[in-house]
Amino acid sequence: MPLVERASDEGTSPALAAACHTVGVLIHGETERRASDGTEGGASDAGEGAKDGASDRAMGEAEKFAEALRGKPRGEVLEALTAHAETVFGDGGDKEVSGVVAVMANLAGGDGEKMKRVMECVTASVSERVSLRVRCAIGLYNDANAKDGETKLELFEKIAAYCVAAKQKQVLPMLVAHASEAKAWDGEVKTQRRVLKLCVDLLRELEGREEELFSCMIKYLATFENDNGAVAEAADIAKETARMFISSPTMFHGDFLALKGMQHLQSVDAGALKLLSTLLTGSVADYNALVKANASIVSGLGLDADDCVAKMRMMALAALGKKGDASYSEIKEAMQCADGEVEEWVVRAVGAGVVDAKMDQMKQRVVFTRCTDRVFTGAEWQELSSRITQWRGKIDALQKTLLAN
């Protein structure tokens, strides 16, 4: 599926002739984009005549150039067009440039290396005629041989890198959406990994897409489950994933700790892995002991110490609440907080969506109706299965009662 729809096929002989003529004119004659020389209507007839004569001579040179170029083999024509690509982009009109690039793509045909050479010409500048270059690059990607998956992916990566470098953020969501289409790429794990890494890089550039970025990083880490030899590649994203989860004020559940890509942090940044593991499976006491033993473990990840403690306490409260209700004293002990802070932390946890609970101030107890699972392991699956079995039994009993009546 193309990134955008192409309007027409530019690879016909008339299009090739037009492209050669355009390049000849841009090299030897007047150009579409060249500003006027400042001469107004009062110019002398002699001046106009001289200008017309120069124009005629230039057009003659342009025709000679075009005629000579059309007579060469396709490979040489392509070489000449790519050699003058900056002149085309510098002086040609938008339609002229788009037409010449389309002809270059047609001349490259199914040759991946030639297509990449054309893409290099199109993306040669990140400051001049950027929007036009992006449109031409996308058209070039669409024209690439669909059967040559490696070239298609390399061209797409080039477009993505160009849009980032040229600060064309408005294009990035479209690129992410296209990259996320599984049918756009082959099913090999290595290819999917490259595409997911590309999506991660693009999403980093966009604001307000943190959850999508986090999900994409988890999918990327999951591609290493059966590829131990390459797991070292995951180190940077694994560390970023850990940091993002720990610092997030909205994420309190994670089933990614056991991923091999994440576990590889043990040999790269054991502190980051230990801090993440403590939040997901440990207690506030565990957290305090960890921080006491390694004072820089939080600051080393660029995290705020108070925010980390707050998150640890709310996640610990969710774990405690799984039993249904708890006394204020139990909560105080679990959260390692002062007597007067129990209700405050319950309110904060409810506000963050970690738990649903009601406080009985007279009895000094908290009743929990819902608690976020920090992780969903075999025990949680077993509990869920048990509940479903109970629900089915109750439904069957109700149906029998209704039928009996």
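Rings of Phe, Tyr and Trp, with the six-membered ring taken for Trp, are treated as a pair if their centres lie within 6.5 Å. In the predicted model described here, the count by this rule comes to 6 aromatic pairs. One of them joins F214 and F256, whose ring centres are 5.5 Å apart and whose planes meet at 80°. Planes over 60 degrees apart count as edge-to-face, so the F214 and F256 pair is edge-to-face. This pair links distant parts of the chain, with the two positions 42 residues apart in sequence numbering. F214 belongs to helix α11 (residues 210-222), whereas F256 lies in the loop between α12 (235-247) and α13 (260-263). Both F214 and F256 are buried. A further aromatic pair is made by Y220 and F224, again edge-to-face, with 5.2 Å from centre to centre and 75° between the planes. Y220 and F224 are likewise buried. Elsewhere, Y141, F156 and W185 come together as one aromatic cluster.

Aromatic rings also take part in arrangements with charged side chains. The charged end of R133 is placed over the ring of F89, at 4.2 Å from the ring centre. In the case of F245, the ring has the charged end of K311 over it, 4.3 Å from its centre.

The chain as a whole contains 19 helices and 3 strands. Of its 405 residues, 41% are buried. Among contacts between residues at least 6 apart in sequence, 64% join residues at least 24 apart.

Helix α10 (residues 189-204) consists of 16 residues. From its first C-alpha to its last, α10 reaches 22 Å, close to the 22 Å expected at 1.5 Å a residue. The buried residues of α10 are T191, R193, V195, L196, L198, C199, V200, L202 and L203. These buried residues pack against α8 (149-165), α9 (172-179), α11 and α12. An α-helix has 3.6 residues a turn, so residues three or four places apart point the same way. Within α10, T191 has a relative accessible area of 11% and is therefore buried, the cut-off being under 20%. Not counting residues up to four places away in sequence, T191 touches L153, W185 and D186. W185 is also a member of the aromatic cluster with Y141 and F156.

A second buried helical position is V134, in helix α7 (residues 130-143). V134 has a relative accessibility of 6% and so counts as buried. With neighbours within four places in sequence left aside, V134 is in contact with Y162, C163, Q168 and V171. V134 and V122 are 12 residues apart along the chain, and their C-alpha atoms are separated by 8.1 Å.

The 3 strands form an open sheet in the order β1-β3-β2, with antiparallel pairing. Strands β1 and β2 stand at the edges and each has a single partner strand, so one side of each is left without a neighbour in the sheet. The twist from one strand to the next averages 25°. Strand β1 (residues 325-327) is joined to β3 (residues 365-371) by 3 bridges, and S327 has R365 in β3 as its bridge partner. Strand β2 (residues 355-360) is joined to β3 by 6 bridges. On this side of the sheet, R365 in β3 is the bridge partner of D360, and A357 stands opposite F368 in β3. R365 is thus bridged to S327 and to D360. Strands β2 and β3 form a hairpin with 4 residues between them. Q364, in the turn of this hairpin, has a positive phi of about 55°. In a regular strand the side chains alternate between the two faces of the sheet.

Two helices lie across the sheet strands. Helix α17 (residues 328-335) lies across β1, β2 and β3, and runs at about 85° to β1. Helix α18 (residues 342-351) lies across β2 and β3, and its direction makes an angle of about 150° with β2.

Conventions: Residues numbered from 1 in each chain as written. Predicted model: local features only at pLDDT ≥ 70, side-chain atom pairs only at ≥ 80, totals over all residues. Heavy atoms only, no water. Pairing = 2+ DSSP bridges. Phe/Tyr/Trp six-rings, centres within 6.5 Å; stacked < 30°, edge-to-face > 60°. Buried < 20%, exposed > 50% of the residue type's maximum accessible area, 1.4 Å probe, protein only. Lys NZ or Arg CZ within 6 Å of the ring centre and 35° of its normal. Expected span 1.5 Å × (residues − 1). Contact = heavy atoms within 4.5 Å. Axes fitted to C-alpha atoms, helices over the stretch in contact; angles between N-to-C directions.
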